[in-house]
Amino acid sequence: RARTGLPWRDLPERFGSWITVYKRHRRWSADGTWQMLLTAIQAEQDAEGRVDWDIAVDSTTVRAHQHAAGAPRSSPPPPVPGRQKGDAARTNRGDPVLAALAARLAEVVRLGSS
């Protein structure tokens, strides 16, 4: 969705109700769940020696869009009301959607690196 700019309402039905997906995405962005997933997958792949941390970046590969200069900075979404910052780790434990997503992401990373 982020890659193509697809509106939430046009999300394929196989993902469930668009509003549920939107709310979950927003909640997971605010409470650090996406970052936790990325860190866990990176750690697993790094432990197996599948991550090459050497990155070369120069002006021939990275260009800013002409309108990027002086653009206002946006802030992350506000936290979900009623939740405290420390609740993130306890809230997602046992979440079947999160467990299935983590397993699928790990599978995709394994397949992509072989």
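Me: What pattern does the protein follow when read along its sequence?

Reply: In this predicted model, the order of elements along the sequence is α-α-α-α. The protein holds four helices and zero strands.

Me: How many of its residues reach a pLDDT of 70 or more, and what is the mean?

Reply: A value of 70 or more is reached by 68% of the residues, and the mean pLDDT of the protein is 77. Among the elements, α1 has the highest mean, 91, whereas helix α3 (residues 88–91) has the lowest, 52. Where pLDDT is low, predicted coordinates should not be read in detail.

Me: What makes the span of α1 agree with that of a helix rising 1.5 Å a residue?

Reply: The 14 residues of α1 should span 20 Å at that rise, and the end C-alpha atoms are 20 Å apart; therefore the two values agree.

Me: Which residues of α1 are buried?

Reply: Val21, Trp28 and Asp31 are the buried residues of α1. Seen down the axis of α1, they fall within an arc of 115°, so they line one face of the helix. Just after α1, glycine 32 adopts a positive phi of about 90°.

Me: Why is serine 29 called partly exposed?

Reply: The relative accessibility of serine 29 is 33%. Buried requires a value under 20% and exposed a value over 50%, so a residue in between is partly exposed; serine 29 therefore belongs to that class. Serine 29 is located in helix α1. Its C-alpha atom is separated by 8.8 Å from that of proline 79, although the two residues are 50 residues apart along the chain.

Me: How do you know that the buried residues of α2 are on the same side of the helix?

Reply: The residues concerned are Thr33, Leu37, Ile41 and Gln45, which are buried in α2. They cover an arc of only 100° around the axis, and they are therefore on the same side of α2. As for length, α2 has 15 residues and reaches 21 Å from its first C-alpha to its last, close to the 21 Å expected at 1.5 Å a residue. Glycine 49, just after α2, has a positive phi of about 75°.

Me: Why is leucine 105 described as partly exposed?

Reply: Leucine 105 has a relative accessible area of 30%. The class of partly exposed residues lies between the buried limit of under 20% and the exposed limit of over 50%, so leucine 105 is placed there. Leucine 105 lies in helix α4, and its C-alpha atom is 9.1 Å from that of leucine 38, a residue 67 positions away along the chain. For the protein as a whole, buried residues make up 12% of the 114 residues.

Me: What is the space in the largest pocket, and which residues are closest to its centre?

Reply: The largest pocket holds about 580 Å³ of space. It is lined by 17 residues, of which Phe15, Val21, Trp28, Trp34 and Leu101 are the closest to its centre.

Me: Which helix gives the most to the lining of the largest pocket?

Reply: Helix α4 gives the most, with five residues. At least two lining residues come from each of α1 (18–31), α2 (33–47) and α4 (96–112).

Me: How many residues of that lining are nonpolar, polar and charged?

Reply: The lining of the largest pocket divides into 14 nonpolar residues, one polar residue and two charged residues. Trp and Phe count as nonpolar, as do Val and Leu; the residues closest to the pocket centre, Phe15, Val21, Trp28, Trp34 and Leu101, therefore belong to the nonpolar class.

Key. Residues are numbered from 1 along each chain as its sequence is written. This is a predicted model: local features need pLDDT of at least 70, side-chain atom pairs count only at pLDDT 80 or more; totals for chains, interfaces and linings use all residues. Side-chain values use heavy atoms; hydrogens and water are left out. On a 1 Å grid over the protein atoms alone, a cavity is a set of points where a 1.4 Å probe fits but cannot get out, and a pocket is an open set with protein on both sides within 12 Å along at least five of seven lines; lining residues have an atom within 4 Å of a point. Grid points are joined across faces, edges and corners, and a volume is the space filled by probe spheres set on the points. Buried means under 20% relative accessible area, exposed over 50%, partly exposed in between (1.4 Å probe, protein chains only). pLDDT is the predictor's confidence in each residue, from 0 to 100. The expected span of a helix is 1.5 Å times one less than its number of residues. The arc is that of the directions from the helix axis to the C-beta atoms.
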